[in-house]
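Q: I should like to learn how to read the surface, the sheet and the backbone of a protein model. May we work through one example together?

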Amino acid sequence: MQVEHIGIAVKNCNDANHLFENLLGIAPYKAEKVESEAVNTSFFHVGNTKIELLEATSENSAIAKFIEKRGEGIHHIAFEVEDIYAEMERLKSQGFQLLNEAPKRGADNKLVCFVHPKSANGVLVELCQEIRG
Ligand SMILES: CC[C@@H](C(=O)O)C(=O)SCCNC(=O)CCNC(=O)[C@H](O)C(C)(C)COP(=O)(O)OP(=O)(O)OC[C@H]1O[C@@H](n2cnc3c(N)ncnc32)[C@H](O)[C@@H]1OP(=O)(O)O
Ligand SMILES: [Co+2]
């Protein structure tokens, strides 16, 4: 398994883009709005993984709630999986609490599913599988 991306909750994606451009010395390779999650995202390649910056587009967004409670910072870790359906079944059978009944469409051409932080040592885990074809 490999870390596909690390999600970072930010108040303002433009400001955070500038900061991360200066920090990493590279520009983001894409920006994408994901309506279903009420977020604007931007992505940076770092080695063989990515940083995903997430800005809320609505006060009901998980990102808005997170920032209100905890401030900006690391929001989730995403693991790349080959077969998200099989991995969801495996995790369910191990007692992890999944936040989706079925995978949903995420950013950057991925199917995604989340594991509740309360069942993963306080870490929100995202599974993601590339949409092929
Ligand atoms: C762009 C698309 C996609 C991609 O392709 O990469 C994304 O990354 S989308 C990212 C945004 N979407 C999500 O996070 C969806 C999954 N998250 C959720 O369903 C919810 O955020 C949640 C995890 C179920 C929490 O929601 P809720 O219970 O309504 O919020 P609370 O504020 O009441 O939190 C309860 C409890 O959980 C703690 N918490 C919340 N978020 C996190 C987190 N990211 N990491 C660790 N812990 C988290 C929160 O602090 C509360 O704890 P207590 O206060 O101790 O009860
Ligand atoms: Co993510």
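Q: Is Lys 65 buried, partly exposed or exposed?

A: This is a predicted model, and what follows should be read as such. The general idea is that a residue counts as exposed when its relative accessible area is over 50%. Lys 65 has 55% relative accessibility, so this residue counts as exposed. Its place is in helix α2, which covers residues 62-70.

Q: Which residues form a positive surface patch?

A: In general, Lys and Arg count as positive. Here the positive surface patch consists of Lys 65, Lys 69, Arg 70 and Lys 118.

Q: In what order do the strands of the sheet follow one another, and is the sheet open or closed?

A: Two strands are taken as paired if there are at least two bridges between them. In this model eight strands form an open sheet, and their order is β2-β3-β4-β1-β5-β8-β7-β6, with mixed pairing. At the edges stand β2 and β6, each of which pairs on one side only.

Q: How many bridges join β1 to β5, and do these strands run parallel or antiparallel?

A: Strand β1 (residues 2-10) and strand β5 (residues 73-80) run antiparallel and are joined by seven bridges. For orientation in the viewer, Ala 9 may be located opposite Gly 73 of β5.

Q: How many bridges join β5 to β8, and is that pair parallel or antiparallel?

A: Four bridges connect β5 with strand β8 (residues 125-130), and this pair is parallel. A position to inspect here is Glu 80, which stands opposite Cys 128 in β8.

Q: Turning to the backbone, what is the phi value of Ala 38, and where is this residue found?

A: The point to look for is a positive phi in a residue other than glycine. Ala 38 is such a case, with phi near 55°. Ala 38 belongs to the loop that links β2 (30-34) to β3 (39-46). Because its relative accessibility is 15%, Ala 38 counts as buried.

Q: What is the phi value of Asn 109, and is this residue buried, partly exposed or exposed?

A: Asn 109, likewise a residue other than glycine, has a positive phi near 65°. The loop between β6 (104-105) and β7 (110-115) contains Asn 109. With 33% relative accessibility, Asn 109 counts as partly exposed.

Conventions
Residues numbered from 1 in each chain as written. Chains lettered and ligands numbered in written order. Predicted model: local features only at pLDDT ≥ 70, side-chain atom pairs only at ≥ 80, totals over all residues. Heavy atoms only, no water. Helix = DSSP H or I, 4+ residues; strand = E, 2+ residues; numbered from the N terminus. Buried < 20%, exposed > 50% of the residue type's maximum accessible area, 1.4 Å probe, protein only. Patch = residues over 30% accessible without salt bridge, like charges linked within 9 Å, V, L, I, M, F, W, Y side chains within 5 Å. Areas by Shrake-Rupley, 256 points an atom, 1.4 Å probe, with all protein chains shown as cover. Salt bridge = Lys/Arg side-chain N within 4 Å of Asp/Glu carboxyl O. Charge placed at Lys NZ, Arg CZ, Asp CG, Glu CD.
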